[in-house]
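Biologist: I would like a close look at one part of this model, with its surroundings explained step by step. Please keep the wording plain.

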Amino acid sequence: MIYAIASGKGGTGKTTVTASLASIWDSPLTAVDLDVEEPHLHLFLKPENMRTSEAYIEVPEPDEDKCNKCRACAELCQFKAISVMGDTLLTFPEMCHGCGGCIAICPEKALQPGKRELGEIISGKSSGNDFVMGRLRIGEAMSPPLMKQIMNDLMENDSEEDLIIDAPPGVSCPAITAVMRADCIVLVTEPTPFGMHDFKLAWEAFSPLDKPMGAVINRAGIGDNSVYDFCQKKDIPIWAEIPYDRAVAKAYSNGYIPVHAVAKLKPTFESLKQSMKQAASEVTHA
Ligand code: SF4
Ligand code: SF4
């Protein structure tokens, strides 16, 4: 099963929820940090035996001598990453999405597969579980290709392990990419007007995917009732409430996993885990 821990905005506690869940998971697990622009999960899970590999995307490399300037590649590319200006063939590798279409259709075989570095894929072990994270190359504009590569590698392994994904915050392409293959989405929010605003956006973005979704309300006790009212109105189950508590903030700031540092959180996360497993299995068996 694949579980995505997402949030409409940063700073809701999504990563500490992911770390807490990963640390109490009772079946084989890979914890995956797909927040590749700002990966933080490793700071809590403290993986060991780390291995790093570089990740690339395939981009066209032109051979000017073979090109007859027919423009077929430029007309195909939806991203304006290849163009013919007068007698010159121009490529813009940073804009290429790596679909390979231009290479496939070039009648003169004037385009060969080249590569652009996306970043790194780092894997290791954390408390007996597997751990994988991506780190986007500084200057790389697109994170979804790296995220997809991490997920493709994990899927290729055909492992029975559950995956818990720490998704990037927000509701744009990277967030959608992170939740796309999930069997269940956990939306972490806080009960404030800002939290409510972005929680609603996240719910609107993810609900068309038609996956089971539940809420975790972090810092419960502050703010107002708007998130609770919205959950009730939209029939979104609240799977956990994490109290606004100095001990939780202290654990977080010291890099400790809250569920271990604050004993009273254990039943909360056990119950959250059961709700997630139940929701995912109901869909699988439907
Ligand atoms: S499709 Fe091939 S031959 Fe035609 S312009 Fe592009 S690179 Fe040149
Ligand atoms: S590989 Fe795809 S995205 Fe990249 S330049 Fe060719 S057609 Fe455009």
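What is the volume of the second largest pocket?

Modeller: This is a predicted model, and every value below is computed from it. The second largest pocket has a volume of about 440 Å³. Its lining is made of 21 residues, and those closest to its centre are Thr-30, Asp-153, Leu-154, Asn-157 and Leu-163. Four elements each give two or more residues to this lining: the strands β3 (48-62), β6 (111-126) and β7 (129-136), and the helix α5 (144-156). Of these, α5 gives the most, with 4 residues. Sorted by class, the lining of the second largest pocket has 9 nonpolar, 6 polar and 6 charged residues.

The three strands just named can be followed into the sheet. β3, β6 and β7 stand one after another at the start of the strand order, which reads β3-β6-β7-β2-β8-β1-β9-β10-β11. This is an open sheet of 9 strands, and its pairing is mixed. Its edge strands are β3 and β11, each of which pairs on one side only. From one strand to the next, the twist averages 20°.

Now take the pairs in turn. β3 and β6 are antiparallel and are joined by 13 bridges. Within this pair, Pro-62 stands opposite Leu-111 of β6. β6 also runs antiparallel to β7, and 8 bridges join these two strands. Here Glu-120 faces Arg-135, a residue of β7. β6 and β7 together form a hairpin, with 2 residues between the strands. In the turn of that hairpin, Ser-127 has a positive phi of about 50°.

Further along the sheet is β8, which holds one of the residues closest to the centre of the pocket. Strand β8 (residues 162-166) pairs with strand β1 (residues 2-6) in the parallel sense, over 4 bridges. The partner of Ile-2 in β8 is Leu-163, and Leu-163 is among the residues closest to the centre of the second largest pocket. A helix also packs on the sheet: α8 (residues 226-234) touches β9 (184-189), β10 and β11. The direction of α8 makes about 165° with that of β10.

For comparison, consider the largest pocket, which holds about 670 Å³ of space. It is lined by 36 residues, with Gly-11, Thr-12, Gly-13, Lys-14 and Tyr-252 closest to its centre. The elements supplying at least two residues each to this lining are α1 (14-24), β10 (213-220), β11 (238-243) and α9 (246-253). The classes in this lining are 17 nonpolar, 11 polar and 8 charged. β10 thus has two roles in this account: it supplies residues to the lining of the largest pocket, and it is touched by α8.

Two ligands complete the picture. Around ligand 1 there are 14 residues, of which Cys-67, Asn-68, Cys-70, Cys-73 and Cys-106 come nearest. That shell has 10 nonpolar, 1 polar and 3 charged residues. Ligand 2 is surrounded by Pro-60, Cys-77, Phe-79, Ala-81, Cys-96, His-97, Gly-98, Cys-99, Gly-100 and Cys-102. The shell of ligand 2 divides into 7 nonpolar and 3 polar residues, with no charged ones. Pro-60 in this shell falls within the residue range of β3 (48-62), one of the elements that line the second largest pocket.

Notes: Residues numbered from 1 in each chain as written. Chains lettered and ligands numbered in written order. Predicted model: local features only at pLDDT ≥ 70, side-chain atom pairs only at ≥ 80, totals over all residues. Heavy atoms only, no water. Near = heavy atom within 4 Å. Nonpolar A, V, L, I, M, F, W, Y, C, P; charged D, E, K, R; others polar. 1 Å grid on protein atoms, 1.4 Å probe; cavity = no way out; pocket = protein on both sides within 12 Å on 5 of 7 lines; lining within 4 Å. Points joined across faces, edges and corners; volume = space filled by probe spheres on them. Pairing = 2+ DSSP bridges. Axes fitted to C-alpha atoms, helices over the stretch in contact; angles between N-to-C directions. Contact = heavy atoms within 4.5 Å.
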